[in-house]
Amino acid sequence: MFRFIGRLLMALALIGLGLAGCRPATPAPVTLTIIMEQVPDTDVIQKLLPDFEKENPGIRVTIDAMPYDAMRDKILASFMAPKATYDVIIVDNPWMDEFVAGNFLEPLDSRIQTTPDYDFEDFVRPVREIGVVGGKVYGVPFYNYALGLIVRQDLFDDPAYREAYQKAYGQPLAPPTTLEEYVRIAQFFKEQSGGKIYGAAMQPQRGYKVFEEWKNWLYAAGGNLMDEGGNVILDRPEAVQALNLYIKMYQTVAPPNSLNWGFDEALRSMAAGESATMMSYNWMLPTLNNPQGPAGALAGKFALYEVPGGKAVLGAWHWAIPHNAPNKDASWRFISWITSKAVEKQRVILGGAPVRVSAMKDPEVWQKGFGQAYYETVLKILEDAEPLARGPKAEEIIQVVGTELNAAVAGEKTAEQALKDAADQVRKIQGQ
Amino acid sequence: MSQRDRALGRRLLFPLLVLLALVQGYPIAFAAYISFHNYQLTALDQVRWVGLAQYQGLLDNPSYWTATRNTLVFVGGAVILELLLGLALALLLHWPVPGQNAFRAIILMPMFITPIAVGLMFRFLLNSQLGIIPALLRPLGLDVDWFGPRLALVSLILIDVWQWTPLMVLFLLAGLEALPTEPFEAARVDGASSLQILRHLTLPLLRPVILAAVLIRMLDAFRVFEYVYAITRGGPGERTETILFHIYRVGFLYFRLGEAAAMSFTLAAVILILVVILFYILRRQEAWA
C-alpha cells in the first residue's frame, strides 16, 4: 500500500512538473491526448482520426490505449493533477455518477446546444441517459455493450432437433422468451447432442461478470436491484427465483467447473462449438460470424436475439471532458465530430457498436455493415435496457453483489441467504 | 575513527537520508495520516479526522478477516511446501553429475516469468474445457474442479509453489555449497549413514540459510496478488480473497484510500511480528551452535 501511494504521489508530481514545463501558451496547434481501452472499438476510432485531423488542421490527436483495469486510476490521477493529462476521457457507466459527484467532469449542455445539427435526442434514450446526472449532460455516448442472447441458429434450424423438441414439449423450437423456456431449451440441447454441446456458456466469475449476466435473469423474473424510490429490493422473492433458476442452469447445462469463467472463456466455448447459447455483448455476434474470426468453420451460424424477458443489462462508454482539461474547446470539437450523425454512420460501418438511432435505421449501414436484422435487434435491445447500478457507489455495489452471487452459484450459501446478505451490504454502502 | 572521519561520514550519509525521507518516509507518514481520516479520492472535499474509526471498522468487517485467514493459509501452505520441495531438489542438484549446471538452469526457469503471466497461463492450463492438465487427468479417471470452492486456494498455493520453489532451491544450494567439507568427511570416516549425515550435520549447519530463505519467501508470499487477480478475482465467494487483493479493491476500485491505508498498517504489523519471532528463533539457534 505504501508503495502504491508513494507511486501515485510521485506520478502526480511528475505529471504536474511535466505539464507545467511543456504546454505551449498559444492555443494552436493543440495536441489532444485521449485515454481509451484496448478494444476493437478503439481501433475503429484510430481509423477515423486522419479525417478529423484533415478537417481540423490545428488539432492533433494522440490516443493512449490501455487495458481496462489500468484506466480507472490513470483517469483519477489525471483529475487530481493541476492540469489534466487527458483532454478527453471515456467513462464506463458505473463510474459516471461517481465522477460527477467528485466534480471531475465538465457539463456539456451549452456546448451541445450551440453545436449545429448535433441532434442529441438521436442517441438511444437509455444510453443517452447514463450521461445525464442531476439534469445536466456530462457524457455523450461512444459505444454500447448491452447484453443479448447469442445462439447457434443452425441448431434451432436443424430438422431433427425441431422434431424432437416438438414431440417432447408440444411446441416449436424457437429462441426462448422466458427464463423457464431458456433453461428447458438449454437442457434439451445438451440431451439431444448426447452431452457434446452444453446448453449455455455461462459467466459466473465473481464480481462484475456474474452480476452482469444474472441481472438479465433478474429483470426477466420481474425484479431489480432497487425500486424507483431507490429502496433495495434485491432480497424479494422474484430475485430468489431468478437466482435459483440461474443456479439450476449452471448445475445442469453449463460446461462443468466453469465457476470462474468470464467472457473470454464463454466466447471460446461458443467459438469451439461446445456451447449452444450465451448471454453476452451484442457485438460478439459479428466476431463469431467473421470467417477469419475465432469460430472458423462455424462462422455464419450464430444469431442474436433479445435476452429472455426482453429487458437487458445495459453497458455503455461515454465521451467526457475533465474539468481540468486545458483546451476544452478543442476537446469538444473532437467529441462533437466523432459523435456527429455522419461520422457515427462511418464508425458503425467500420464495425463500431452503434448508439445513434439514425445509424441503426440507415439502409447503407445495413448493407455495408452486418445486415438489417442485426441492427434492428440491437436497437430493440438498447431501447429496453438498464445499467447494472447507478449512483456514486455503483462500482462497490457491483462488486459486493457479484461476490454474493458467485458464492451462491458455488453452493457456499443458499440463494435466499446470498441475496439477503447482498441486499444488507448494498443498504450499508448506500448509507455510508 | 577520528572525529573528522565521523563528521565526513555523516555528511556523506546525509543525501541518502534525505532521499529516504522523501521516497519512503513521506509516503509512510502520509499513509499514516490518511489512515486516521476518511480519505476518499472521489470525495476530497469531505475529508475529516475520524481517529481510530477505520481501524475499529476492521473488527466487524468479515471480508477483512476472511482475507487475513486466506492469506495466512496461503503463506503457510506455500512456504512449507516450497521449503520441503526446495530442500529435496537442492540436495539432488548438489549431487555431482554430468550436466549439473544445465539441470540447475532448467529448474530455475519458472522464477524468471512475471507472476501475472504465470497466473494467466495456469488459468487456461487448468481450465476444464481448454486446459491440458484436466485433459491429461481425465483418462486416469480424475475430474478435478481446480477453481471450485474447495480447491481454489490450494490451486493458487500450488501455482506459487511451481513458480517460487526455484528460489528456495537457489538459496539452499548456495548454502550447501558453502558448507565446510571437513565435518562431512569426519562423519563418513566414523561410519555415519547418509540419513544420519542429513539429520545431524547438513540440516543443523544449513539452519541459518533455511531461516533466511523462509523469511524472504514468506514476506514475498504475503504480497500475493497476481494469481488472484488473473484467475479468480478472489472467488468463488471469498475463498481466495487475499489481504492485498482486498486492499486493492478498497483502495483502487472504491478509492477509499484511508481505509486501505489502515488495513495496510495492520498487515505491516502482522508481518513485523512474524519477522521478530523468526529472528528470535534464529538468534537462539546461533547461541546454541
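How many Å separate the centres of domain 1 of chain A and domain 2 of chain A, taken over C-alpha atoms? The legends below walk through a predicted model, starting with that pair of domains.

**View 1. The two domains of chain A.** The answer is 30 Å, going from the centre of domain 1 of chain A to the centre of domain 2 of chain A over C-alpha atoms. The domain assignment puts 2-145 and 315-387 of chain A in domain 1, while domain 2 takes 147-314 and 393-431. So much for where the domains sit; next comes how they touch.

**View 2. Where domain 1 of chain A meets domain 2 of chain A.** Here 21 residues of domain 1 are in contact with 17 residues of domain 2. On the domain 1 side, α4, α6 (125-130), α18 (372-383) and β12 (385-387) of chain A each chip in at least two residues. Which of these elements gives the most to that side? That would be α18(A), with five residues. Sorted by class, the domain 1 side that touches domain 2 has 13 nonpolar, three polar and five charged residues.

**View 3. Chain A against chain B.** Now zoom in on the contact between the chains, which takes 34 residues from chain A and 34 residues from chain B. On the chain A side, the elements giving two or more residues are α1 (2-22), α3 (68-80), α4 (96-101), α12 (263-271) and α19 (394-409). Top of that list is α19(A), which gives the most, with six residues. By class, the side of chain A that touches chain B has 13 nonpolar, twelve polar and nine charged residues. Look out for α4 of chain A: it gives residues to the side facing chain B, and it also turns up on the side of domain 1 that touches domain 2.

**View 4. Chain B, helix after helix.** What does chain B have in the way of helices and strands? Count twelve helices and zero strands. Following the sequence, the pattern simply reads α-α-α-α-α-α-α-α-α-α-α-α. The chain is more spread out than a compact globule, because its radius of gyration is 24 Å, well over the 19 Å that the globule rule gives for 289 residues.

**View 5. Chain B, its spans and its contacts.** Along its principal axes, the C-alpha trace of chain B spans about 75 × 75 × 30 Å. Of the 289 residues in chain B, 32% count as buried. Take the contacts in chain B with a separation of 6 or more: residues 24 or more positions apart account for 72% of them.

Note on methods. Residues are numbered from 1 along each chain as its sequence is written. Chains are lettered from A and ligands numbered from 1 in the order in which they are written. This is a predicted model: local features need pLDDT of at least 70, side-chain atom pairs count only at pLDDT 80 or more; totals for chains, interfaces and linings use all residues. Helices (H or I, at least four residues) and strands (E, at least two) are DSSP runs, numbered from the N terminus. The radius of gyration is taken over C-alpha atoms; the globule rule is 2.2 Å times the number of residues to the power 0.38. A residue is buried if 20 or more other C-beta atoms lie within 10 Å of its own, exposed if 12 or fewer, and partly exposed in between; C-beta atoms are placed from the backbone. Two residues are in contact if their C-beta atoms, placed from the backbone, lie within 7 Å. Ala, Val, Leu, Ile, Met, Phe, Trp, Tyr, Cys and Pro count as nonpolar, Asp, Glu, Lys and Arg as charged, and the others, Gly among them, as polar. Domain bounds come from an automatic or database domain assignment.
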